[in-house]
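Let's take a walk through this chain together. Have the sequence and the 3D view open while you read.

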Amino acid sequence: MEQVFKTKWVPDWQYVGMGVAILVVIVIFFWLQEWTALGGLIVPLMLFYSQSKTIYTIKDSGVLEVKSVWGKRFCVDGIRNITYQPHALGMQKIKVEHAQGFVMISPDRPLEFVEALKKVCPGLSVEGFELIKN
C-alpha cells in the first residue's frame, strides 16, 4: 500500500521572516519607485511556497515519488541511503541517496517516513535519525 507524506509544517517564525522581507522590499519599492525591487519578491516567494507544499509518496515497488505544488512530479528509485542532516541549510533536512544522485526532502513525519521506506527498500542504510526528538 502506498504511503503519502506531506511536507514538514513550516514554523511561524519563517512566515514572519518572509513577511518582514516582503515589507522591506515593498518599502524600498515605494521609496525609490523602482520596479526591479518587486522582482526580488517573486523568486523567494515561489521557492518558499513550493518547498512548503511538496508531497512524498512511497510506492510498494520502493519508488519515492516527489510531487511539487506546481504539478512537477519525479520518481526516485534505487534508494541506497537516507540521512538526517540537522545542520543543512533550508527546510530540507533529509538526504535521500539513490542510483542517480541524491535529493533533499522534508516529510512531516520523518521517523514514520524512514520506517515506511525501510519496509519497501531492503538493505537501506539509515543515519542520523536518532537525533530527531518525537
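Starting at the N terminus, the elements come in the order β-α-α-β-β-β-β-β-β-α-β. That gives 3 helices and 8 strands. Here helices (H or I, at least four residues) and strands (E, at least two) are DSSP runs, numbered from the N terminus.

A quick note on what you're looking at: this is a predicted model, where local features need pLDDT of at least 70 and side-chain atom pairs count only at pLDDT 80 or more, while totals for chains, interfaces and linings use all residues. Residues are numbered from 1 along each chain as its sequence is written, and side-chain values use heavy atoms, with hydrogens and water left out.

## Inside and outside

Of the 134 residues in the chain, 36% are buried. Buried means under 20% relative accessible area, exposed means over 50%, and partly exposed is in between (1.4 Å probe, protein chains only). The chain has an accessible surface of about 8700 Å², and 63% of that belongs to carbon and sulfur atoms. These areas come from the Shrake-Rupley method with a 1.4 Å probe, and for residues only the protein chains shown count as cover.

Now for contacts, meaning heavy atoms within 4.5 Å. Take those between residues at least 6 apart in sequence: 48% of them join residues at least 24 apart.

## The nonpolar core

A nonpolar core is a set of buried Ala, Val, Leu, Ile, Met, Phe, Trp, Tyr and Cys residues joined through side-chain atoms within 4.5 Å. Which members of the largest one touch the most other members? Out of its 21 residues, the answer is Leu64, Ile79, Ile82, Ile105, Phe113 and Leu117. Strands E2 (55-58), E3 (64-67), E5 (81-84), E6 (94-98) and E7 (101-105), plus helix H3 (110-120), each supply at least two residues of this core. H3 gives the most, with 4 residues.

Try zooming in on Ile105. Not counting residues up to four places away in sequence, Ile105 touches Tyr56, Leu64, Gln92, Lys93, Ile94, Val96 and Phe113.

## A nonpolar patch on the surface

Nonpolar side chains show up outside too. Val16, Val20, Leu23, Val24, Val27, Ile28, Trp31 and Leu32 make a nonpolar surface patch of about 820 Å². Patches are made of residues with over 30% relative accessible area and no salt bridge, with like charges joined within 9 Å and nonpolar side chains (Val, Leu, Ile, Met, Phe, Trp, Tyr) within 5 Å. One of the patch residues, Ile28, lies in helix H1 (residues 12-32). Ile28 is partly exposed because its relative accessible area is 34%.

## Start of the chain and strand E2

Met1 sits in the segment before strand E1 (3-6), and with 78% relative accessibility it counts as exposed. Its C-alpha atom is 7.1 Å from that of Lys59, although the two are 58 residues apart along the chain.

Thr57, in strand E2, is buried, with a relative accessible area of 8%. Leaving aside neighbours within four places in sequence, Thr57 is in contact with Glu2, Gln3, Val4, Val63, Leu64 and Glu65.

## Salt bridges

A salt bridge is a side-chain nitrogen of Lys or Arg within 4 Å of a carboxyl oxygen of Asp or Glu. The whole structure has 6 of them, and here are some.

| Pair | N to O distance |
|---|---|
| Glu2 and Lys59 | 3.0 Å |
| Glu65 and Lys59 | 3.9 Å |
| Lys118 and Glu115 | 3.5 Å |

The Glu2 and Lys59 pair links distant parts of the chain: Glu2 is in the segment before E1 and Lys59 in the loop between E2 and E3, 57 residues apart. Glu2, Lys59, Glu65 and Arg73 are linked in a network of salt bridges. Is Glu65 buried or exposed? Glu65 is buried, at 10% relative accessible area, whereas Lys59 is partly exposed at 22%.

Lys118 and Glu115 both lie in helix H3, 3 residues apart, which is about one turn of the helix.

## What about the cysteines?

A disulfide is a pair of cysteine sulfur atoms within 2.5 Å, and by this rule the count is 0. Cys75 is partly exposed at 48% relative accessibility, while Cys121 is buried at 7%.
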